[in-house]
Amino acid sequence: MDEIDRAILRELQTDGRIAYADLGPRVGLSASAARQRLQRLLDSRAVQVVGVTDPMAMGGQAMALLGISVDGDPRPVADELAAHPEVVYSVFTSGGFDLFAEVVSPTAKDLLDFVNDTVRPIDGVGAVQSFPYFAIHTHRFLWDVG
């Protein structure tokens, strides 16, 4: 990946739907050369262009990161969590927790009910620690592409 590829990625992070006619000049290429460069990155699977939802715009007002300790293999717990729409993602970790799961619910009560009535009873879950947070303003998370 060279500097032009990184410039393309920076532009896509700002506007994932940018037209090639606009992208090319911004990165020092023609529209067709920018299209070819991006297609090469997509074909190599080095890059994916995806849509990301804003939980607040989707009605989620209560958000938390759950630190989950598991007795035994954490994979079945992660699979069970993935079946629930409240779970944005889950990841395996090392250290104090076996899994982290980000969850979004319409209200704080819904979040509490989800943790107590859905997460804690999953076979293998030993403990759950909730780290609630508040997204007061819209956030964009950008990866540093150099």
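How many helices and strands does the protein chain have? Colour by secondary structure: the protein chain has 5 helices and 4 strands. Helices (H or I, at least four residues) and strands (E, at least two) are DSSP runs, numbered from the N terminus.

This is a predicted model, in which local features need pLDDT of at least 70, side-chain atom pairs count only at pLDDT 80 or more, and totals for chains, interfaces and linings use all residues. Residues are numbered from 1 along each chain as its sequence is written, and side-chain values use heavy atoms, with hydrogens and water left out.

**Stop 1: the whole chain**

Trace the chain from its N terminus. The pattern reads α-α-α-β-α-β-β-α-β. Switch on the surface. Its accessible area is about 9400 Å², and 54% of that belongs to carbon and sulfur atoms. Such areas come from the Shrake-Rupley method with a 1.4 Å probe; for residues, only the protein chains shown count as cover. Of the 146 residues in the protein chain, 30% are buried. Buried means under 20% relative accessible area, exposed over 50%, and partly exposed in between (1.4 Å probe, protein chains only).

Now turn to contacts, meaning heavy atoms within 4.5 Å. Take those between residues at least 6 apart in sequence: 64% join residues at least 24 apart.

**Stop 2: the sheet**

Select the strands. They form an open sheet of 4 strands in the order β2-β3-β1-β4, with antiparallel pairing. β2 (87-92) and β4 are the edge strands; each has a single partner, so one side of each has no neighbour in the sheet. On average, neighbouring strands are turned by 20 degrees against each other, direction ignored. Axes here are lines fitted to C-alpha atoms, for helices over the stretch in contact, and angles run from 0 to 180 degrees between N-to-C directions.

Two strands pair if DSSP finds at least two bridges between them. β1 and β4 pair in the antiparallel sense over 8 bridges. Pick L66 and look across to β4: S130 stands opposite. β1 and β3 are also antiparallel, over 7 bridges. There, A64 has V103 in β3 as its bridge partner.

Is β1 largely enclosed or left open? Of its 9 residues, 7 are buried, so β1 is largely enclosed by the rest of the structure. Add α5 to the view. This helix lies across β1, β2, β3 and β4, and runs at about 20 degrees to β1.

**Stop 3: the cores**

In soluble globular proteins, nonpolar side chains tend to be buried together. A nonpolar core is a set of buried Ala, Val, Leu, Ile, Met, Phe, Trp, Tyr and Cys residues joined through side-chain atoms within 4.5 Å.

Which residues have the most contacts inside the largest nonpolar core? Select L66, I68 and L81; the core has 19 residues. Two or more residues each come from β1 (62-70), α4 (75-82), β3 (99-105), α5 (108-119) and β4 (125-133). β1 gives the most, with 5 residues.

Centre on L81. Leaving aside neighbours within four places in sequence, L81 is in contact with I68, V87, L99, A101, V119 and I122. Then move to another core, which lies apart from the largest one. This second core has 8 residues, among them I8, L12, I18 and L23.

**Stop 4: the aromatic cluster**

Show F97, F100 and F131 as sticks; they form one aromatic cluster. Rings of Phe, Tyr and Trp (its six-membered ring) pair if their centres lie within 6.5 Å; planes under 30 degrees apart count as stacked, over 60 as edge-to-face and the rest as tilted. By this rule there are 2 aromatic pairs.

F97 and F100 are tilted, at 5.5 Å centre to centre and 50 degrees between the planes. F97 counts as buried at 17% relative accessibility, whereas F100 is partly exposed, at 25%.

F97 and F131 are edge-to-face, at 6.1 Å centre to centre and 90 degrees between the planes. F97 lies in the loop between β2 and β3 and F131 in strand β4, so this pair ties together parts that are 34 residues apart in sequence. F131 is partly exposed, with a relative accessible area of 35%.

**Stop 5: T93**

Finish at T93, in the loop between β2 and β3. T93 is partly exposed, with 25% relative accessible area. Beyond its neighbours within four places in sequence, T93 is in contact with D98, L99 and F100. Pick P74 as well: its C-alpha atom is separated from that of T93 by 9.8 Å, with their positions 19 residues apart along the chain.
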